[in-house]
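Work through the following exercises with the coordinates open beside you. Each one sets a task and is followed by a solution in steps.

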Amino acid sequence: MSFDDILSNFIDKCYEDLTWRKKELMDLKSGLKPLKKLNQEEFNFFKRGSIALTYAHLEGGVKNLFITYINFINELLDKGLLSLEKNNIDETLLDLIFL
């Protein structure tokens, strides 16, 4: 497996997760619209719940993207496409940041 294949797989996994999360958040937003008919107190209750759910999505998304990134780095290390020796670690991390 080449570097481009590994990178492409990493990007695909990131987009897949982000696309799913975006759809879920759009569904949540559209699910709140019919609730505007409720009185203000009831609507605010559901709105607060949706804020907690939105935060959970953010937290889960960050966690999944971080795990995907770590797996990407591990795969590069396993294939010998990346070296994390003491003398080049700063340069290696900068290279990965600016992919």
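**Exercise 1: a loop lysine and the fold around it**

Lys79 is found in the loop between H2 and helix H3 (89-97). The model is a predicted one, and the task is to place Lys79 within the chain, to classify its exposure, and to state how far its C-alpha atom is from that of Phe3.

Solution. Begin with the elements: the chain has three helices and zero strands, and from the N terminus on these run α-α-α. Next take the accessibility of Lys79, whose relative accessible area is 46%; since buried means under 20% and exposed over 50%, Lys79 is therefore partly exposed. Finally, although Lys79 and Phe3 are 76 residues apart along the chain, their C-alpha atoms are separated by 8.8 Å. For the chain as a whole, buried residues make up 18% of the 99 residues.

**Exercise 2: the salt bridges**

Identify the two salt bridges in the structure, and decide for each partner whether it is buried, partly exposed or exposed.

Solution. One salt bridge joins Asp17 and Arg21, with the closest N and O atoms 3.0 Å apart. These two residues are four positions apart in helix H1, so about one helical turn separates them. Asp17 has a relative accessible area of 15% and is buried, and Arg21, at 11%, also counts as buried, because the cut-off for that class is under 20%.

The other salt bridge joins Asp27 and Lys23, where the closest N and O atoms are 2.7 Å apart. Asp27 and Lys23 both lie in helix H1 and are likewise four residues, or about one turn of the helix, apart. Here the accessibility values are 38% for Asp27, which counts as partly exposed, and 46% for Lys23, which is partly exposed as well.

**Exercise 3: aromatic rings**

Classify the geometry of the ring pair Phe45 and Phe46, and name the residues that form one aromatic cluster.

Solution. A pair of aromatic rings is described by two quantities, the distance of the centres and the angle of the planes. The structure holds four aromatic pairs. In one of them, the rings of Phe45 and Phe46 have centres 5.3 Å apart and planes at 75 degrees, so this pair is edge-to-face, the cut-off for that class being over 60 degrees. As for accessibility, Phe45 counts as exposed at 52%, whereas Phe46 counts as partly exposed at 37%. The cluster asked for is formed by Phe10, Tyr69 and Phe72.

**Exercise 4: two surface patches**

Which residues make the nonpolar surface patch of about 350 Å², and which residues form a positive surface patch?

Solution. The nonpolar patch is made by Phe66, Ile67, Tyr69 and Ile70; Tyr69 also belongs to the aromatic cluster with Phe10 and Phe72. Ile70 lies in helix H2 and, with a relative accessible area of 33%, is partly exposed.

The positive patch is formed by Lys29, Lys33, Lys36 and Lys47. To locate one of its members, consider Lys33, which sits in the loop between helix H1 (3-32) and helix H2 (40-78). With a relative accessible area of 52%, Lys33 is exposed, because that class requires a value over 50%.

Technical notes
Residues are numbered from 1 along each chain as its sequence is written. This is a predicted model: local features need pLDDT of at least 70, side-chain atom pairs count only at pLDDT 80 or more; totals for chains, interfaces and linings use all residues. Side-chain values use heavy atoms; hydrogens and water are left out. Patches are made of residues with over 30% relative accessible area and no salt bridge: like charges are joined within 9 Å, nonpolar side chains (Val, Leu, Ile, Met, Phe, Trp, Tyr) within 5 Å. Accessible areas come from the Shrake-Rupley method with a 1.4 Å probe; for residues, only the protein chains shown count as cover. A salt bridge is a side-chain nitrogen of Lys or Arg within 4 Å of a carboxyl oxygen of Asp or Glu. Lys and Arg count as positive and Asp and Glu as negative; His and the chain ends are not counted. The place of a charge is taken as NZ of Lys, CZ of Arg, CG of Asp or CD of Glu. Buried means under 20% relative accessible area, exposed over 50%, partly exposed in between (1.4 Å probe, protein chains only). Rings of Phe, Tyr and Trp (its six-membered ring) pair if their centres lie within 6.5 Å; planes under 30 degrees apart count as stacked, over 60 as edge-to-face and the rest as tilted.
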